[in-house]
Amino acid sequence: MKITTPQWLLAGLLALSCLPVWAKSDAQPATADADPRLQVEATLDQKFDQGKYSPKGADTCLKCHDADSRKPATGIFHNVHGNLGNQNGPMADKQCEACHGPAGNHPRTPRKGQQREPMITFGPDSPVPVEKQNSVCLSCHTDAKRMGWHASAHAVEDLSCTSCHSLHQAKDPVMDSKKQVETCTSCHAQQKADLHKRTSHPILNGELPCSSCHNPHQSQNEASLKQPSLNESCYECHAEKRGPFLWEHEPVTEDCSLCHSPHGSINQALLNKRVPQLCQECHSVPHANVSIPEGDLKVRGGSCLNCHNQIHGTNHPNGQSLRR
């Protein structure tokens, strides 16, 4: 049997064959000239290929970046990165260029209308991508505390190391327990507000810096905690609350934050709410089916805690009501 192709189908196929092929577009890929940042990256790649380092090292840099310059760098010689005796530090090898890349023609004064040859710079205003900025730091800082940086909350937010650290100062402020909180709360505004409430942990005075509980460089735990759970973090100081107890209070063993706000609260003891309102979130049934008159001594002051004073747990044989 002879099969014939309908004329309308042939016409349709012919029309499709005349359509343009978009995969063969004449559009050219983006070049370095299209974006100044790409141009800087291309220049830096070329400089690394050439490997033209300054024979005088840091002395060349300090001609411009001295203590009186707009971008001083002399403070680095007072911290670990500028320690000439540190065999693992940048000063033991290529000095400033160990982090900022080969100097090339950067020290030369540019001609009129031209810009100075770029170097690897750091910070939010740098044309170098954050990932490449951080790769410089991570090429040395490969210890266990930072091995999970790429999965950390700060890395996900595309923060550079210099968002928190200042290496050209004599002492990095974030490494000072009393100044660390200023760096952290510059982003974490809610926690900053909590720290100024009626009760809070001694964070503002530096007794308990943020890094006591949190690991900013890596953590697979909630809120970048150093310990596997919030309770384990609390138990490092509040060991007497750990248990196990003969009679336990379920919220205590489950999550401390069910009752407490760790950064600060308007209530005593960092409580989320005042008692008895806090207790009534779970204990909604009237107390032992007995009505306690308003203003009764049993609910004054400490309220429920006047009687149930072992609220975190007890080992007393008759302590099922957490009263002894």
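The following conversation looks at salt bridges, exposure and one pocket in a predicted model.

User: What should I know about the model before we start?

Analyst: This is a predicted model, in which local features need pLDDT of at least 70 and side-chain atom pairs count only at pLDDT 80 or more, while totals for chains, interfaces and linings use all residues. Residues are numbered from 1 along each chain as its sequence is written, and side-chain values use heavy atoms, with hydrogens and water left out.

User: Why is the contact between D143 and R146 called a salt bridge?

Analyst: A salt bridge is a side-chain nitrogen of Lys or Arg within 4 Å of a carboxyl oxygen of Asp or Glu. The N to O distance between the side chains of D143 and R146 is 2.6 Å, so the pair fits that definition. The structure holds eight salt bridges, among them the one between K273 and E281, whose closest N and O atoms are 2.8 Å apart.

User: Why is K273 called partly exposed?

Analyst: Buried means under 20% relative accessible area, exposed over 50%, and partly exposed in between, with a 1.4 Å probe and protein chains only. K273 has 38% relative accessibility, and therefore counts as partly exposed. Its partner E281, at 46%, is partly exposed as well.

User: What makes the lining of the second largest pocket three nonpolar, three polar and two charged?

Analyst: The lining consists of P36, Q39, V40, T43, Q115, R116, E117 and P118. Ala, Val, Leu, Ile, Met, Phe, Trp, Tyr, Cys and Pro count as nonpolar, Asp, Glu, Lys and Arg as charged, and the others, Gly among them, as polar. Sorting the lining residues in this way gives three nonpolar, three polar and two charged.

Conventions. On a 1 Å grid over the protein atoms alone, a cavity is a set of points where a 1.4 Å probe fits but cannot get out, and a pocket is an open set with protein on both sides within 12 Å along at least five of seven lines; lining residues have an atom within 4 Å of a point.
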